[in-house]
Amino acid sequence: MKCDNCDNEATVHEVTVRKGKKIEKHLCEQCAAGEGLSVQASLPINTLLSKFMMSTQLEEESETVDHCPECGMTFAEFRQSGLLGCAACYDSFEDQLTSLIERAQEGRSRHVGRTPASGPKCLDRENIIASLRQELDEAVASERYERAAQIRDELRTISESADADDDDGD
Amino acid sequence: MPHEDPINPEGGVEWLRADGPQTDVVMSSRIRLARNLESFPFLTKATPDERQRIVAIAREQTLAAALADQMIWVDLRETPKLERNLLVERHLISKQHAKGDAPRAVAVSSPDERLAIMVNEEDHLRIQVMRSGLDLQEVFQQISEVDDKLEKRMDFAFSSRFGFLTACPTNVGTGIRVSVMLHLPGLKLSGELEKVRRAAKSMSLAVRGFYGEGSDAVGDFYQLSNQTTLGKTEEQILEEFEGKMLPKVIDYERHARKKLLAERRKLIEDRVHRALGTLRHARLLAANESLQLLGYLRLGVAAGLIKDVPLQTVNRLILLTQPAHLQRALQKELDQAKRRVERADLVRAQLAG
């Protein structure tokens, strides 16, 4: 069925009865939105499921769940996408993740495979610092001071973590 | 900037060679490793700027690491859709990686296309090595060398408890996915495929279609892969995969083919020759139809029922009849109806008796 207003396929159908007279409207999504009809697109089943799971589990988890201080991801966000925000999320959500990981990994939750070789640890860090410095110069030159301040913070964080790594004896 | 043409649609493709071991059942072997750079958030939380920097670092390091005789860098943001789909059809990037506008790329070894490194897919790096036939040991050796070389140049996110840290916890630990592309028409025709599916599931293996997650098993092509990535060494995972389940599946498939040929020979001959007849004479061929027919033809060639078509031709056609390859070969975009005409023309020409 075509939309009443344009050539698109009508996906929103409204039937109202006014003074005993039936009025039908058949609109495409855009035209419906234009006329102020609320459109609830059908949700994929996994979204529905995760919403359902979240609503039932939110209460019990609300005490333990916090956001990851490193990237700001919440456990609810993770549940929805199945993807974590950063490496630190594994620490931030360790308790919740461990049981989930055990279920997915035949009951195992400890790594026994390859470990990173002890190669030069700072190759990519140097690159990052060099590219950040360049970006900082550009930001200052174009008077984007807010961005410049952000980059300075990033540079500070990186050099601090480098120091921490050096102190780290294990 | 003119787009360079790094991938030769007629050349390379490792999994088409059809000369590896056990190639009657195993099309190709593949291992991939998921790795993330320690200094950046995962992609769900990375800003466009950070994504861009990950691409820049990956580019510099993968090209400098001497991973292959020649590595080609494909910036997917600057690559037209048709070319991106070409890479999907060659199993060099995932469908997901072909979509969107975010900064992302793939590095491919040329001309063999055995090695591909997806940058900014679900993880910062997805390293894959692929070979024709069943050759997982060689694949594992190559990918371990690549991993070692990259590791010397980049700090990967790693924890002593959980191992290599990945965006999705189902990949954490080794980050390894071992998979083979199997052709299982015998098990399908004899109705025994469900048994294999159940057995695979009980051994924590996944069975998927031709283009991975969520895709159909048209042409009776199936991907078998490990699910467990944590708590076992890479060697254990490989050994369990290669030693326990896989030889059984290959044996079942050969046994099913033999049995079908012994007990229902006319039925199999009919399927195979009908497929060849249709492929040789059809004037319109849809993508799924041709893949299904090529699947039967492949069975006929592998079983010795068809003698005048080499297995490699069948494998080549499986790739060249995919939509992006078809359009690339003809140097123009075609709608579905026109593709059916061109696909039938191509198949007729290649299989002319």
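**Two helices of chain B and the contact between chains A and B**

Modeller: In this predicted model, helix H11 (residues 323-330) and helix H12 (residues 336-351) of chain B have axes that come within 10 Å and cross at roughly 80°.

Colleague: Is H11(B) roughly parallel or roughly perpendicular to H12(B)?

Modeller: Angles of 65 to 115 degrees count as roughly perpendicular, so H11(B) is roughly perpendicular to H12(B).

Colleague: Which residues make that contact?

Modeller: H11(B) contributes B:Pro323, B:Leu326, B:Gln327 and B:Leu330. From H12(B) come B:Arg339, B:Glu342, B:Arg343 and B:Leu346.

Colleague: How do the residues of that contact divide?

Modeller: The contact of H11(B) with H12(B) has 4 nonpolar residues, 1 polar residue and 3 charged ones.

Colleague: Turning to the two chains, how many residues does each give to the contact?

Modeller: Chain A gives 42 residues and chain B gives 49 residues.

Colleague: And what area do chain A and chain B bury between them?

Modeller: The two chains bury about 4,000 Å², with 53% of this area on carbon and sulfur atoms. On the side of chain A, the residues that lose the most area to chain B are A:Tyr90, A:His111 and A:Arg114, which together account for 20% of what that side buries.

Colleague: How many salt bridges are there between chain A and chain B?

Modeller: There are 5 salt bridges between the chains. One of them joins the side chains of A:Glu77 and B:Lys45, at 3.1 Å from N to O. In addition, 19 residue pairs are in polar contact between chain A and chain B, both residues being at pLDDT 80 or more.

Colleague: Which elements of chain A give two or more residues to the side that touches chain B?

Modeller: They are helix H3 (75-81), helix H5 (94-104), helix H6 (123-141) and helix H7 (145-167) of chain A. H6(A) gives the most, with 8 residues. The residues on that side of chain A comprise 19 nonpolar, 11 polar and 12 charged.

Colleague: A change of topic: where is A:Glu106 found?

Modeller: A:Glu106 lies in the loop between H5 and H6 of chain A. Its phi is positive, about 50°, although A:Glu106 is not a glycine. Most residues other than glycine have a negative phi.

Colleague: And which residues does a cis peptide bond join?

Modeller: The cis peptide bond joins B:Ser110 and B:Pro111, with omega about 0°. B:Pro111 sits in the loop between strand E3 (105-109) and strand E4 (115-119) of chain B. Most peptide bonds are trans.

Definitions and conventions:
Residues are numbered from 1 along each chain as its sequence is written. Chains are lettered from A and ligands numbered from 1 in the order in which they are written. This is a predicted model: local features need pLDDT of at least 70, side-chain atom pairs count only at pLDDT 80 or more; totals for chains, interfaces and linings use all residues. Side-chain values use heavy atoms; hydrogens and water are left out. Contact means heavy atoms within 4.5 Å. Buried area is the accessible area (1.4 Å probe) that two parts lose on being put together, summed over both. A salt bridge is a side-chain nitrogen of Lys or Arg within 4 Å of a carboxyl oxygen of Asp or Glu. A polar contact is a pair of N or O atoms within 3.5 Å; within protein, one must be able to donate a hydrogen and the other to accept it, and residues adjacent in sequence count only if both atoms are side-chain atoms. Helices (H or I, at least four residues) and strands (E, at least two) are DSSP runs, numbered from the N terminus. Ala, Val, Leu, Ile, Met, Phe, Trp, Tyr, Cys and Pro count as nonpolar, Asp, Glu, Lys and Arg as charged, and the others, Gly among them, as polar. Axes are lines fitted to C-alpha atoms, for helices over the stretch in contact, and angles run from 0 to 180 degrees between N-to-C directions. Angles under 35 degrees count as roughly parallel, over 145 as roughly antiparallel, 65 to 115 as roughly perpendicular and the rest as oblique.
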